[in-house]
Amino acid sequence: MMNIVVVGGGHAAAQLSASLTEKALQAKVTLVSDEAQLPYHRPPLSKAYLKDAEPAAAWLRSADFYADHGAEWRLSTRVARIERDSRHIDLARGESLPYDRLVLATGARARTLPGLPEGLDNVHTLRTLDDAARLRGRLQAVERVLIIGGGFIGLEIAATAAQMGKQVTVLEAAPRLLARSASPEVSDHLLASHRAAGVDVRLDAVIEGYDIRAGSVVAVETADGSVRADLVVVGIGAVPNDELAREAGLACDNGIVVDVHMVTSDPAILAVGDCTAFPFAPLGRRIRLESVQNANDQARCAAQTLAGMAEPYSALPWFWSEQGPLRIQIAGVPEPHHERVVRGDPAQGGFSVMHFLDGALTCVESINAPADHMAARKLIADACRVPSDAASDPSIPLKSFA
Ligand SMILES: Cc1cc2nc3c(=O)[nH]c(=O)nc-3n(C[C@H](O)[C@H](O)[C@H](O)COP(=O)(O)OP(=O)(O)OC[C@H]3O[C@@H](n4cnc5c(N)ncnc54)[C@H](O)[C@@H]3O)c2cc1C
């Protein structure tokens with residue numbers, strides 16, 4: 001019987017466990033996670049979980065599901081090392097586990113802010129359920145919330161805190177929100193929406209220092225003045241947890257390098273989810289994504305590989321975010337040099353930005369336009385030709401291009 005060991009306890013590990021059972025593979029599956037809980041939905045942590053009266057973790061699968069399928073969990077257990085020659089992993093608490101195939105599903109962690117001392121009482125990052133419980137506990141009691149970073153998680157927390165009646169400031173270093181992951185049209189719409197909800201969004205913000213008293217940040221000094229804060233959230237992106245792979249000598253380049261079958265530079269080791277840098281054919285280069293879709297679909301792909309039925313990974317990336325009244329959906333990967341047309345009227349609240357390269361639809365970003373989004377996503381997945389001028393005309397149904 002094949003001995004499969006999975007490192008990680010997030011979306012990718014849970015999906016891999018489920019997909020392996022579907023393959024009816026004769027395998028012993030052991031999953032090792034340094035978190036104390038079984039895998040749970042991470043997206044609500046920056047949204048409903050922070051403000052709901054009675055928040056509850058939403059488990060991805062029940063404990064019975066894993067037990068019924070013979071998957072064994074080692075929780076609160078950190079993996080310290082991979083010994084590739086003898087094919088085993090060392091756990092931080094001293095034990096070793098042998099493997100025939102190892103899958104790294106180690107995800108990513110919140111980036112910390114250089115120059116800000118660690119361990120400050122009122123400074124938060126958000127990645128895990130424990131982080132969310134700590135943030136939630138503090139958020140209820142404070143007045144002024146300062147968010148450093150205008151990325152997805154920072155903006156979701158800003159919207160949630162504003163809905164809770166907090167005085168919210170967002171400091172973003174770039175000249176626009178989501179500068180690396182969304183088009184200028186989407187950035188502009190989000191900026192206007194957050195400001196209309198009372199969030200003080202400051203672009204081009206240059207942080208010059210911190211006023212720290214009794215172990216807490218009481219103000220952040222910027223080139224444009226001081227911003228007082230009762231609570232600070234650092235939301236400046238995530239870094240891949242690729243140290244285990246790196247120390248074991250696996251190829252890494254902003255994530256663990258995998259091929260189209262999720263196999264690393266060691267054929268006995270696979271990697272899936274936020275921790276991977278994988279070949280993305282539409283752009284002709286490796287990319288790393290942080291999304292539930294990518295974690296789930298890469299886990300399905302890895303299960304195929306482990307079952308000896310390898311199929312190349314070619315899923316269309318998609319992602320969603322909820323920020324107050326806005327539901328943002330993105331399919332494909334926005335590239336700054338692609339042609340863009342806007343479908344719908346941003347002033348009316350719902351619209352899509354459609355991206356084209358050499359006449360082919362490559363990406364669609366939608367705000368409160370779910371029907372157009374799903375239709376466009378299918379057009380991209382099916383590689384349908386869509387004339388960009390016609391696509392911008394909302395009177396022509398997108399389905400007519402299928
Ligand atoms: C607050 C928040 C909101 C989000 N909202 C959205 C959203 O709206 N839409 C969306 O598509 N995506 C969202 N995401 C992103 C999404 O949650 C991630 O893309 C997804 O969790 C990736 O799954 P993963 O299994 O690759 O990594 P993770 O879920 O991060 O799991 C990695 C696991 O590995 C464990 N681990 C790491 N190293 C070790 C080790 N050495 N030993 C043992 N265990 C280890 C970690 O503790 C963790 O349990 C959000 C993320 C966060 C944090």
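In this short talk I will go through the salt bridges, a helix, a cavity and a few individual residues of the structure shown above.

Please keep in mind throughout that this is a predicted model. Let me start with charge pairs, since side chains of opposite charge can pair when their charged atoms come close. The count for this model comes to 21 salt bridges, and I have picked a few of them to discuss.

One of them joins the side chains of Arg74 and Glu95, with an N to O distance of 3.1 Å. Arg74 sits in strand β3, residues 71-74, while Glu95 belongs to the loop between β5 (88-91) and β6 (96-98), so this pair ties together parts of the chain that are 21 residues apart in sequence. The two partners can also be described by their surroundings: Arg74 is buried, at 17% relative accessible area, whereas Glu95, at 33%, is partly exposed. The pair is also part of a network of salt bridges, in which Glu72, Arg74 and Glu95 are linked.

A second example is the salt bridge between Arg81 and Asp90, whose closest N and O atoms are 3.1 Å apart. Here the arginine, Arg81, is partly exposed with a relative accessible area of 40%, and Asp90 is buried with 14%. For a third example, look at Lys378 and Asp382, whose side chains meet in a salt bridge at 2.8 Å, N to O. In that pair Lys378 is exposed, with a relative accessible area of 53%, and Asp382 is partly exposed, with 43%.

Turning now to the helices, His11 is placed in helix α1, which runs over residues 11-22. His11 counts as buried, at 10% relative accessibility. If we set aside residues up to four places away in sequence, His11 touches Tyr40, His41, Arg42, Pro43 and Leu60, and also Val292, Ala295 and Asn296.

Which residues of helix α4 are buried? In this helix, residues 129-139, they are Leu129, Ala132, Leu135, Arg136 and Leu139. Because these residues cover an arc of only 125° around the axis, they are on the same side of α4. As for what they meet there, the buried residues of α4 pack against two helices, α2 (48-51) and α5 (152-163), and against the strands β9 (123-124), β10 (144-148) and β16 (231-234).

What about empty space inside the model? Rolling a probe the size of a water molecule over the atoms shows where empty space is left. The structure holds one cavity of 30 Å³ or more, and the volume of the largest cavity is about 30 Å³. Its lining is made up of Leu171, Arg202, Leu203, Ala205, Thr222 and Asp224; by class, that lining of the largest cavity has three nonpolar residues, one polar residue and two charged residues.

Finally, I would draw your attention to two backbone details. Leu178 has a phi near 50°, a positive value in a residue other than glycine, and Leu178 is found in the loop between β11 (167-171) and α6 (184-196). Ala383, which is not a glycine either, has a positive phi of about 50°, and Ala383 lies in the loop between α9 (370-381) and α10 (388-391). As to their surroundings, Leu178 is buried, with a relative accessible area of 4%, while Ala383 is exposed, with 63%.

Technical notes. Residues numbered from 1 in each chain as written. Predicted model: local features only at pLDDT ≥ 70, side-chain atom pairs only at ≥ 80, totals over all residues. Heavy atoms only, no water. Salt bridge = Lys/Arg side-chain N within 4 Å of Asp/Glu carboxyl O. Helix = DSSP H or I, 4+ residues; strand = E, 2+ residues; numbered from the N terminus. Buried < 20%, exposed > 50% of the residue type's maximum accessible area, 1.4 Å probe, protein only. Contact = heavy atoms within 4.5 Å. 1 Å grid on protein atoms, 1.4 Å probe; cavity = no way out; pocket = protein on both sides within 12 Å on 5 of 7 lines; lining within 4 Å. Points joined across faces, edges and corners; volume = space filled by probe spheres on them. Nonpolar A, V, L, I, M, F, W, Y, C, P; charged D, E, K, R; others polar. Arc of directions from axis to C-beta.
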